[in-house]
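Visitor: Could you take me in for a close look at one part of this model? I would like to start from a single residue and work outward.

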Number of protein chains: 2
Amino acid sequence: MEGVHFTLPPAEPRLIGRKALAVNLSDIAAMAGTPLAATVSVALPSSRGNAFAREVHAGLEELASAFGVSIAGGDTNIWDGPFVISITLIGEPGEQGPITRSGAQPGDWLMTTGHFGGSIHGHHLTFLPRVNEARKLCEAVSLHAMIDVSDGLAADLHHILEESKAGALLYEGAIPISEAALEAASGKPSLEHALSDGEDFELLFAVASEDGRALLANPPFEAMLSHIGEVVSGPGCQIVDSRGNRRELPAAGWQHRFEG
Amino acid sequence: MEGVHFTLPPAEPRLIGRKALAVNLSDIAAMAGTPLAATVSVALPSSRGNAFAREVHAGLEELASAFGVSIAGGDTNIWDGPFVISITLIGEPGEQGPITRSGAQPGDWLMTTGHFGGSIHGHHLTFLPRVNEARKLCEAVSLHAMIDVSDGLAADLHHILEESKAGALLYEGAIPISEAALEAASGKPSLEHALSDGEDFELLFAVASEDGRALLANPPFEAMLSHIGEVVSGPGCQIVDSRGNRRELPAAGWQHRFEG
């Protein structure tokens, strides 16, 4: 929704079209599924004309082609309001069935792809959804739980922990921090960006420790793999620093709220 | 889209939710398919609050239950803009496969369910999509072409004729005119309402003449069945009155256009 999820400018219509599909692909990746077909509905601002619609479509089509997705239908509407785009993406599960958030077990390793934080500086518009990485993980190991990090690493970890009825211990020094977060002159520690910014669209997953070791020894893809912590039986989530000091890590993600 | 497809008030959120699904069900009916599952995405105005969202959902759920449709997912968003709702409805084709607009043949009967015109006076919010009627037609006869009438009887007939590369002759006296069109004090003839108002969400279909006769002799459902004309080989569409006078019937439906 223009004015909520993006502003035009500075966002370009091509990148907004691309992102609208990319976030859906990331949702399919989170379950280690294979995307097949998308329907795309748009409310196009009449003042922006055909060129705008063509740019949005080009951005969609670029990513759809890259992932073998058919744009199979949808609804094209024109109004005097802001630009709105809604996508339904159909996929099929992999051999392990849909990977959910609920199967993390005490003793599991918590692992991630890629780096975290500062996505707002560009990554959120240009990221490649981790569809192929998820499929390769699914072929290599038994995935106990997985999620794509959209709300923030801490918030999405809490989603896994709530569904799995478990706790976690994160290793502060092991969190892969993005260059954008390291370079952000926000006054906030870069670790805080990595834990709470969101829109990283990386995978966070839980596997048995021996599977985690096997992945690190023989990574099935080029994207960075990190072992950032472990699942524990108690509730809640703690983060431990290099001196062994532990502190609570609250969920701190984006919340949708009604007024009043 | 609020302000384009409906205005709140006078439209009620429950009926808007209902209609958003109903028009999708009507699209599935047009191909004689069976609806299975829907995804529903909404941009909810923050000022309207939870009660509004619950009303929309109640309207959706009522019709979903009636047609055995699962509301399987979607996206709930809140903003300061107007209400927008987008639905993707998944269905499966019947035994004849998806019925398209392209199979009408010269000599076919053109037939309809229900009555036409004046839908704006209420029918467009409360109509029952012809899913069951389409399925029964599909079981009873070979459907050469079918469409649901949303743009208007004349406009949607033209859609069939263009796709089928054929023409048509309509019998003026056989067009079933709704009470709302007969009672409309618009100054326009009620026949014109029936031919051009749109949003009737009735079925218009082409079948072999012997199948048409069989349907009239032994109607497979309670909804009114009418034989309104025939498919001819020439291009264009004519309408003939009781004295045998013919005139051209142009398409005159709703067009989506960009400014400038």
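Guide: Start at Cys237(A). Cys237(A) is buried, because its relative accessible area is 1% and the cut-off for buried is under 20%. Keep in mind that this model is predicted. Now take a cysteine in chain B. Cys138(B) has a relative accessible area of 10%, so Cys138(B) is buried too. Do cysteines form disulfides here? How many disulfides does a search of the whole structure find? Zero, over all chains.

Stay with the number 237, but cross to chain B. Cys237(B) is among the residues that Leu170(B) touches. Leu170(B) sits in strand β6 of chain B, which covers residues 167–171. Is Leu170(B) buried or exposed? Its relative accessibility is 1%, so Leu170(B) counts as buried. Look at its contacts, leaving out residues up to four places away in sequence. Among them are Leu110(B), Leu157(B), Ile175(B), Leu195(B) and Leu249(B). Leu170(B) also touches Ile228(B), Gly229(B), Gln238(B), Ile239(B) and Val240(B). Take Gln238(B) from that list. Gln238(B) and Leu170(B) are 68 residues apart along the chain, yet their C-alpha atoms are separated by 6.2 Å.

Another buried residue of chain B is an arginine. Arg18(B) lies in helix α1 of chain B, residues 13–30. With 7% relative accessibility, Arg18(B) counts as buried. One part of its contact list is Gly59(B), Leu60(B), Glu62(B) and Leu63(B). Leu125(B), Thr126(B), Phe127(B) and Leu128(B) are also touched by Arg18(B).

How do the two chains relate? A turn of 180 degrees, with a shift of 0.0 Å along the axis, lays chain A on chain B with an RMSD of 0.0 Å. The two copies are therefore related as by a two-fold rotation axis. Both copies use the same surface: 100% of the contact residues of chain A recur in chain B.

Finish with a sheet in chain A. Three strands form an open sheet in the order β2-β1-β3, with mixed pairing. β2 (70–79) and β3 (84–92) stand at the edges of the sheet in chain A. Each has a single partner strand, so one side of each has no neighbour in the sheet. From one strand to the next, the twist averages 10 degrees. β1(A), residues 34–45, pairs with β3(A) in the antiparallel sense over nine bridges. Ser41(A) stands opposite Ser86(A) in β3(A). Helix α2 of chain A, residues 49–66, packs on this sheet and touches β1, β2 and β3 of chain A. The direction of the helix makes about 170 degrees with that of β1(A).

Methods. Residues numbered from 1 in each chain as written. Chains lettered and ligands numbered in written order. Predicted model: local features only at pLDDT ≥ 70, side-chain atom pairs only at ≥ 80, totals over all residues. Heavy atoms only, no water. Disulfide = S-S within 2.5 Å. Buried < 20%, exposed > 50% of the residue type's maximum accessible area, 1.4 Å probe, protein only. Pairing = 2+ DSSP bridges. Helix = DSSP H or I, 4+ residues; strand = E, 2+ residues; numbered from the N terminus. Axes fitted to C-alpha atoms, helices over the stretch in contact; angles between N-to-C directions. Contact = heavy atoms within 4.5 Å. Least-squares fit on C-alpha atoms with pLDDT ≥ 70 in both.
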